[in-house]
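Here are a few exercises on pockets and ligands to work through at your own pace. Have the structure open beside you and try each task before reading its solution.

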Amino acid sequence: MKKVELRAAYKQKRNELTNAEVAELDQQIFRELCAYDWSKITYLHCYLAIAKFKEYDTMKFIHWIWEHYPHTQIVISKSDFETHQLKHYIFDQDTQLVPNAWGIPEPVDAIEIDTLKIEAVLAPLLVVDEFGNRIGYGKGFYDRFFASCNFSVLRTGISYFSPVALIEDIGEWDVPIELVFTPGKTYCF
Ligand SMILES: Nc1nc2c(c(=O)[nH]1)N(C=O)[C@@H](CNc1ccc(C(=O)N[C@@H](CCC(=O)O)C(=O)O)cc1)CN2
Ligand SMILES: Nc1ncnc2c1ncn2[C@@H]1O[C@H](COP(=O)(O)OP(=O)(O)OP(=O)(O)O)[C@@H](O)[C@H]1O
């Protein structure tokens with residue numbers, strides 16, 4: 001299938017999940033995230049969920065990282081919807097968050113950090129294919145972000161759904177992810 005069809009289908013699938021299903025799937029994803037060995041990562045970039053889109057909420061996992069990997073710094077972003085670029089900031093227990101116009105929580109008065117310092121990224125996505133190609137909301141924020149990262153960055157993502165066989169219309173700008181955490185299973189591409 002093509003990106004537009006998959007984007008529409010998986011937005012709908014996610015919207016149709018009941019609160020009870022989301023609660024169960026969230027627990028399973030959390031278990032997968034906690035089973036991964038993050039010990040070598042000092043700067044871990046995490047998205048913060050857009051609640052109205054029913055994205056997996058990373059906040060419980062971020063608190064878990066603060067507790068279990070105290071040397072790890074969580075990095076979050078502010079989005080520029082004119083250039084479709086992200087700027088990155090340290091997120092700690094004192095950081096104040098305010099939702100932007102698209103409902104994405106963003107830091108206030110945080111310390112900006114260089115993209116090249118980021119060692120691992122946990123990206124939002126709707127679905128991936130069996131090659132790790134991801135579908136997001138179609139503005140290319142994460143493709144631009146990955147293109148500007150250190151070559152050794154670990155690209156991961158979270159999805160409520162198993163990978164589809166193939167996204168037919170991959171662009172030359174698309175940067176695949178290496179790992180996806182899904183309920184009950186972590187896929188490595
Ligand atoms: N939590 C989170 N942060 C993220 C992303 C994401 O997918 N999730 N992005 C990943 O790249 C970027 C933001 N991308 C976005 C792209 C479009 C819309 C949006 O609201 N689009 C339409 C409505 C679409 C719909 O209703 O389904 C709009 O502009 O009205 C929001 C965020 C950067 N930060
Ligand atoms: N590195 C880049 N430089 C310039 N333009 C880019 C780059 N990466 C992506 N784009 C543009 O952004 C758009 C991204 O479309 P695509 O459908 O791949 O987005 P997506 O991966 O679903 O979105 P997101 O990354 O925001 O979740 C394309 O039109 C593409 O031309």
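Below come three exercises, each followed by a worked solution. The model is predicted, so local features need pLDDT of at least 70 and side-chain atom pairs count only at pLDDT 80 or more, while totals for chains, interfaces and linings use all residues. Residues are numbered from 1 along each chain as its sequence is written, chains are lettered from A and ligands numbered from 1 in the order in which they are written, and side-chain values use heavy atoms, with hydrogens and water left out.

**Exercise 1. Describe the largest pocket and its lining.**

Step 1: Take the term first. On a 1 Å grid over the protein atoms alone, a pocket is an open set of points where a 1.4 Å probe fits, with protein on both sides within 12 Å along at least five of seven lines; lining residues have an atom within 4 Å of a point.

Step 2: Find the space. The largest pocket holds about 730 Å³, a volume being the space filled by probe spheres set on the points.

Step 3: Look at the walls. There are 35 lining residues, and P124, R134, Y137, F141 and Y142 lie nearest the centre. Helix 1 contributes the most to this lining, with 4 residues.

Step 4: Sort the lining by class. It has 19 nonpolar, 6 polar and 10 charged residues.

**Exercise 2. Find what holds ligand 1.**

Step 1: Place the ligand. Ligand 1 sits in the largest pocket, as more than half of its atoms lie within 2 Å of the grid points.

Step 2: List the neighbours (a heavy atom within 4 Å). There are 17, and K11, L48, E55, W102 and Y137 come nearest.

Step 3: Check the polar contacts (N or O atoms within 3.5 Å). The side chain of K11 has an N or O atom 2.7 Å from a ligand oxygen. A ligand nitrogen is 2.6 Å from a polar backbone atom of L48, and another polar contact puts a side-chain atom of E55 2.7 Å from a nitrogen of ligand 1.

Step 4: Add the burial. Alone, ligand 1 exposes 690 Å², and the protein buries 76% of that (Shrake-Rupley method, 1.4 Å probe).

**Exercise 3. Do the same for ligand 2.**

Step 1: Ligand 2 sits in the largest pocket.

Step 2: Of its 15 neighbours, K3, R134, G136, F141 and W173 come nearest. Helix 4 gives the largest share of this shell, 4 residues.

Step 3: Oxygen atoms of ligand 2 lie 2.9 Å from a polar side-chain atom of K3 and 3.2 Å from one of D174.

Step 4: The protein covers 73% of the 660 Å² that ligand 2 has on its own.

Key. Polar contact = N/O pair within 3.5 Å; in protein donor to acceptor, adjacent residues only side chain to side chain. Helix = DSSP H or I, 4+ residues; strand = E, 2+ residues; numbered from the N terminus. Nonpolar A, V, L, I, M, F, W, Y, C, P; charged D, E, K, R; others polar.
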